[in-house]
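Here's a quick look at how some pieces of this model pack together. Have the structure open as you read.

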Amino acid sequence: MRSLGNWRLLLSVSVVLASLAYLYPSFQYHYQFTDAQRRMTTDPKVNSVRDNAIHLGLDLQGGIHLVLEVDASKLGKAEAADAVDRAIEIIRNRVDQFGVAEPLIQKESGNRIVIQLPGMNDPERAKELIGQTALLEFKLVRTAPETQQALDKVDAYFRTRQALLPPSTTGKPASVDSMTTGHALTSMAQAGEKGAVFFAQVDLQRAQALVEIARRDSGLLGDTDLVWGEENDASAGITGRYLYAVKREAELTGGIVANAVPKIGLEANNPTGWGVSLTLTSVGRNQFSTTTGRYVGRQLGIVLDNKVRSAPNIRERIRGDASITGSFTDKQAKDLAIVLKAGALPAPVKIIEERSVGPTLGSDSIRRGFMAALVGALLVTFFMLIYYRASGVIAVLAMIVNVIILMAFMPLLKQTLTLPGIAGIVLTIGVSVDANVLIFERIREEIRNKKTITAAVVAGYNRAWVTILDAHVTAFLSSLCLFIFGTGPIKGFAVTFSVGLVANLFTAVFMTRYVFDAMTARRRMDTLSI
């Protein structure tokens, strides 16, 4: 009997210590770490503690709620069938690498995807990261004569189609302007330094409109395409944008990329500039080597999402890896590396709903939830101490241990604590002493029937056990249904309430029974404070 009692004591103490150990990372992360430390995603220590801490939901710590719609209209029937699922997988990979803890990414009706990013405080950066299609292509840049030939075709096109000309930036009627120059596009072009022609900012809007109209005529430029470079570039001190004539068919695509890492100083003439270093697959290296060997002396344009990021000259066959350079900030280089590693979206996505939840609202929710739990616990404690006296103390201690075990299970099960989850905790506090109330009333009946204290305790627990088990099983099954068929917040409630019920069986029956058995085994008791 003593060995059995020692075993129960050892198990109870072990469960409590293990629960406290599981809660310690949560204490570290939410109370010892500063906001700056919590935002660090590259610190292994922070990442380790965060992974083992309780994660707060969007409604508690603030963040971003997005609803995306996948535009699969241009995909084939077979590709469109699983476009949303592939988009979800790619977005999940991007968000995971971005360092957002416990994101919610799930499919909704139609082609819609719901994304919740708790703790994300930069909506624009998040939208840019998620929405990038990241279509990476390596395209051969046309020579200067070939580029001029393409531009001449555009001019010739508008000579016979002046009705299509956009408004002139000179203030003159479009037809007069075109008739005067005879070269609607090349009259604005300047010789560039990057194997492309340059358009000053003042002419850019009209030039872009001309190019866009010309590109709609698929037969005009043949196997050549006109692709713009980066915005706000410069040539000879003038701000504008380069226009590249490139071979329409890509030599290589982003499928050859095995890894992408943001790096500084990838260009010898720009040691402080950020870029992305690409590690190619074994097949990609062979293809890249073949391509660069074939076009030594030419320019190879690195085109990302139909924008030329860089167009380096191929001086010799390149058998190693590649890199993307341009006007990147450190964040842009990091985000580009993330999307290249995660892969390109199968189709463009459009943000149709955006909602930001401020951290202030989350803090207020936590404060109110904590207050509700505290008031509930105090009321239960007051009732148990007044009505059951010393036995009530045992029930209250069991209730406290119940909450500790419940909270420890949150990081163990990798569950996110939400506002409905706090409601589940408050409800658990309310029902945590319910089992003890049943047991105590049975013990009182046995004492009134003139049984000894030891016999009354044994009979009380035995008689109440079936009722307690029935109540907990039925409540647990109801919570299980909520978890299976419910969505986000409902699941949060179901998790905390279900775990609370299981913990309650352990604390209210197993642990309190051990305490009563230990009390009655040590000495003969004539009365019991109950």
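## A helix pair

In this predicted model, helix 15 (residues 434-448) packs against helix 16 (residues 453-485) at an angle of about 145°, with 7 Å between the axes. Axes here are lines fitted to C-alpha atoms, for helices over the stretch in contact, and angles run from 0 to 180 degrees between N-to-C directions. Helices (H or I, at least four residues) and strands (E, at least two) are DSSP runs, numbered from the N terminus.

Contact means heavy atoms within 4.5 Å. Helix 15 brings residues including Leu 438, Ile 439, Arg 442 and Ile 443, while helix 16 offers, among them, Ala 456, Gly 460, Arg 463 and His 472.

## A four-stranded sheet

There's also an open sheet of four strands, ordered 3-4-2-17 with antiparallel pairing; strands pair if DSSP finds at least two bridges between them. Strand 3 (104-107) and strand 17 (349-357) sit at the edges with a single partner strand each, so one side of each has no neighbour in the sheet. From one strand to the next, the twist averages 15°.

Strand 2 (residues 63-70) and strand 17 run antiparallel, joined by eight bridges. Gly 63 faces Val 357 of strand 17.

## Helices on the sheet

Helix 6 (residues 83-98) packs on the sheet and touches strand 2, strand 3 and strand 4 (112-118), its direction making about 175° with that of strand 3. Helix 7 (residues 123-131) lies across strand 2, strand 4 and strand 17, at about 155° to strand 17.

## Ground rules

Residues are numbered from 1 along each chain as its sequence is written, and side-chain values use heavy atoms, leaving out hydrogens and water. As this is a predicted model, local features need pLDDT of at least 70 and side-chain atom pairs count only at pLDDT 80 or more, while totals for chains, interfaces and linings use all residues.
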